[in-house]
Amino acid sequence: MIGLEHYLTVAAGLFALGLFGLFTKRNTVAVLMSIELMLNAVNLNLVAFSRFVTPEVATGQVFVVFNIAVAAAEVAVGLAMVFAIYRDRRTVNVDELDWMKW
Amino acid sequence: MDFLTYSLHHAWLIPLLPACSFLLIVFAFYSLPRLAAATAITALGSAFTLAAGVAAAVVSGGISVEKPFISKVNWFAITGLSVDWGVLVDPISAMMLIVVSLVAFLVAIYSVGYMHGDPGFSRFFAYISLFAASMLGMVLAVNLLQLFVLWELVGLCSYLLIGYYFYKVSAREAAKKAFMTTRIGDFGLLLGILLMQVMFGTLDFQELTAKLPGFIASSGSGLLTVAALLIFCGPVAKSGQFPLHVWLPDAMEGPTPVSALIHAATMVVAGVYLIARSYMLFADLPSALTVVAWFGGITALFAAVIALTQREIKRILAYSTVSQLGYMMLALGVGSLTASMFHLMTHAFFKALLFLGAGSVMHALHDTADIFKMGGLKYSMKVTHATMGIAVLAIAGIPPFAGFFSKDEILLAVSEVSMPLYFIAALTVVLTAFYMGRMFFNVFYGEPDPHQHPHESGGWMLFPLVVLAVLSVVGGIVPFALGFGDWVRFGPTHHAGINWAIAGSSTLFSIAALALAWRMYGSKQLSADAVAAKLPWLYTLSYNKFFVDQFYTLIRSIFVDGLGAVLYWIDVNIVDGLVNNLSRSYATAAGLVRKLQSGKIQQYALVYFAAAIVLVVWLGGVR
């Protein structure tokens, strides 16, 4: 019987995987993809909690829809920035982009 | 009579004329050397004319030391302190005015010839003007503060003129030495002046004269003696008294006319004049007078011994000045202002003559200064020879030349007070005659140097020599006969008299010393080297000026340099070290913090998530 713990375990694994990608990937696009993974882990949690803890209301599912919308918008903005940065610096490797300290 | 009254009431013009000449030369005639010289000579000549008028007015108008002519304006007045600026004419200052303006005038004329072609010709005449102006103003000062201001100006001018050849290291060093040595004395003098102000509430000479007897009667003389000795510090330095005489021989680094001016009429006599001017203070303080007398006596003998063995003509004359100034101090110390001022006057004539003559000789020999490299000049330089000869006889105290009368007065005054000091003074007379003979015979007699072709100097230089020679002849006997002591005196009228035992013995000794000098250096019957070899320790001491300079160097290397090294170490290691290490620690701390600001987004994210995990674990632990 598959219970809440199984979903949470998968989501935690997914989140750790995204986190690992976020820290280790040099390519900005890959970093963005890792963030998507973490968002998906969160979405999975939300759906699981909604299904197992409060089955009578669909709040969790609604949040997930919102999340997916926001993530889509974020990727659009993120990719636009990656292009802009690439034109400026001829690179999208995050370890070479250290001008946040200005 | 009109001119005399005019001179008296316009005595303030006497220092002002050369001061204007200074300004004119500096701001208008600097690039016109002939006009500059003409301006200076005109100003000094006019000053001398006025000074002569003032002196005549003093004599004919019955102005005495007790009843001086004073004209002054208020300089500044604040609560409890009012200081005037003005002129005080009494016989003492009138005599000084004549001597200073006359010698300065003659030196200026001489300089036209001597400084001919010098690139700083105008500058020289500007300095000479300012020098004379400062000295004349100082002579006329009505209070100690005015005197001090101009006293410092005199010091500044001597600095400028000694360092006239500023491109020479030795001249720069000599100028610095003169300035700093006299500064030591000036410090004491200023303290003394301040003490006087505190004690009396005034610095005015007339008011001090009025207040002093009452003060001594009510408060005793202890603190006053301190003030007097502090004031005496100024003259010790400025008039080259032992042990602060070291700057004076080096002062010959200036052009020779300047040496004549400094040694005869301005700088060094300022100290003697200061004591004479504040004599009402010293006269009632026997212990202060004793100090003055012994300083003077020791200086006179000490410098004369040094002069015995020096080789450079100007150095001999410089030590001679130190010695003669010692005489003047000695005379003041034994209570005879008259004798001191009389000697100051005659000395001004023959010492100026000696220096100008030495300048003439060095001019002819292309700046040779060593008397043992000179010789036989009496054939080629007849006027210089004759005038220098008169000066030597005058300083040696041979009658009827000027020095005889003044020196005799000093010896007489000293003999009445202290026998030890009298013997010191008498011994100095003998030594003076000897070293002057040594210098004179070496320069003018003996074999001429075949490589040199000396020529007599021109008219510009000979005229002052002749005038000063005449003054060196009559400058003693005429004032003596006219009753110098009736006018220039402190206290009761001083009746001129000659003590035949003292005058006769000193004259005989001087003639004997000159004769000995002739046998050693003129006819060379006695070997000077043999004499020196018999007293090697004395010769060494004398030739090395008793090692006073070396002593000062030693003191300086121990205290100044040693202390400097210690302070330098403290500064570098402790003060700087503190600052440097503090800033270094900030740099280290900043280096740690800046690692956090890498600008790399992944590191930020790592920190963020690490913090989140720590927070979760911690919050979970709390619950």
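**Close-ups of a predicted two-chain model**

Of the 102 residues that make up chain A, 27% count as buried. Keep in mind throughout that this is a predicted model.

**View 1. Chain A as a whole: three helices and no strands.** Reading along the sequence, you get the pattern α-α-α. The C-alpha trace of chain A spans about 50 × 25 × 20 Å along its principal axes. Chain A has a radius of gyration of 17 Å, whereas a compact globule of 102 residues would come in near 13 Å. As for its contacts, take those between residues at least 6 apart in sequence: 60% of them join residues at least 24 apart. The accessible surface of chain A adds up to about 6,900 Å², and carbon and sulfur atoms account for 71% of that.

**View 2. A:R90, in the segment after helix 3 of chain A.** Have a look at the backbone here: A:R90 has a positive phi, near 60°, and this residue is not a glycine. Is A:R90 buried or exposed? With a relative accessible area of 59%, A:R90 is exposed, because the cut-off for that label is over 50%.

**View 3. A:T91, also in the segment after helix 3 (59-89) of chain A.** The relative accessible area of A:T91 is 12%, so A:T91 counts as buried, the limit being under 20%. Which residues does A:T91 touch, once those up to four places away in sequence are set aside? They are A:I85, A:Y86, A:E96 and A:L97. With A:E96 there is a polar contact between the two side chains, at 3.3 Å. The side chain of A:T91 also has a polar atom 3.1 Å from the backbone nitrogen of A:N93.

**View 4. The hairpin of strand 1 and strand 2 in chain B.** Over to chain B, where strand 1 (residues 69-78) runs antiparallel to strand 2 (residues 81-89), and the pairing covers 9 bridges. If you'd like one bridge to start from, pick B:A77, whose partner in strand 2 is B:S82. How many residues sit between the strands? There are 2, and at B:G80 in this hairpin phi is positive, near 80°.

**View 5. B:I216 in helix 8 (residues 205-219) of chain B.** Not counting neighbours within four places in sequence, B:I216 is in contact with B:L224 and B:D284. The second of these, B:D284, is 68 residues away from B:I216 along the chain, yet their C-alpha atoms are separated by 8.4 Å.

**View 6. A cis peptide bond between B:P399 and B:P400.** Two prolines in a row are the thing to spot here, and omega for the bond that joins them is about 0°. Where does B:P400 lie? Look in the loop between helix 18 (382-396) and helix 19 (402-415) of chain B.

**View 7. Two assigned domains of chain B.** The domain assignment gives 288-526 as domain 1 and 551-621 as domain 2. B:P400, the proline from the previous view, follows helix 18 (382-396) in its loop. How far apart are the C-alpha centres of domain 1 and domain 2 of chain B? The centres lie 72 Å apart.

How values were computed
Residues numbered from 1 in each chain as written. Chains lettered and ligands numbered in written order. Predicted model: local features only at pLDDT ≥ 70, side-chain atom pairs only at ≥ 80, totals over all residues. Heavy atoms only, no water. Domains from an automatic or database assignment. Helix = DSSP H or I, 4+ residues; strand = E, 2+ residues; numbered from the N terminus. Buried < 20%, exposed > 50% of the residue type's maximum accessible area, 1.4 Å probe, protein only. Polar contact = N/O pair within 3.5 Å; in protein donor to acceptor, adjacent residues only side chain to side chain. Contact = heavy atoms within 4.5 Å. Pairing = 2+ DSSP bridges. Rg over C-alpha atoms; globule rule 2.2 N^0.38 Å. Areas by Shrake-Rupley, 256 points an atom, 1.4 Å probe, with all protein chains shown as cover.
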